[in-house]
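Please open the model in your viewer and keep the selection panel at hand. The tour goes from one strand to the residues around it.

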Amino acid sequence: AVESLIEEVVRHRPEVVVYELRADRQADLAVLHLLKRAAPDLPLVLITAEGSLESERLIRELRPVYYAVQPVEPDEILDAVRAALARRGRHGQ
């Protein structure tokens with residue numbers, strides 16, 4: 001699954017990735033770091049169920065455009081995606 005996700009990002013270059021971290025966040029963080037290496041300018045919208053200081057520190061290293069702890073309203077995620085798309089448009093990417 002990890003290989004196919006990274007392959008899709010490299011092949012199709014999405015405008016933004018919305019990713020929900022699971023309980024096994026170490027595996028998710030490894031995937032996200034690979035994504036950032038493959039596509040450094042790719043905006044990440046990250047959502048997690050656990051909001052410890054350690055989790056926040058690890059997630060902030062990825063420099064997401066948006067980071068939230070569940071529960072998150074769908075409109076909030078949609079606004080984050082729109083903001084990421086608008087920012088990419090302004091930077092000519």
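**The strands around β2**

Select β2 and strand β3 (residues 66–69), which pair in the parallel sense over four bridges; strands (E, at least two residues) and helices (H or I, at least four) are DSSP runs numbered from the N terminus, and two strands pair if DSSP finds at least two bridges between them. This is a predicted model, in which local features need pLDDT of at least 70 and side-chain atom pairs count only at pLDDT 80 or more, while totals for chains, interfaces and linings use all residues. Residues are numbered from 1 along each chain as its sequence is written, and side-chain values use heavy atoms, with hydrogens and water left out.

Within this pairing, V45 stands opposite Y66 in β3. The chain passes from β2 through α3 to β3 in a right-handed β-α-β crossover, meaning that, with the strands pointing away from the viewer, the path from the first strand over the helix to the second runs clockwise.

Next add β1, which pairs with β2 in the parallel sense over five bridges, and find V17 opposite L44 in β2.

Now colour β2 by burial (buried is under 20% relative accessible area, exposed over 50%, partly exposed in between, with a 1.4 Å probe and protein chains only). Five of its five residues are buried, so β2 is largely enclosed by the rest of the structure: L44, L46 and T48 lie on one side, V45 and I47 on the other.

Finally, centre on L44, which, leaving aside neighbours within four places in sequence, is in contact (heavy atoms within 4.5 Å) with V17, L32, K36, L62, P64, V65 and Y66.
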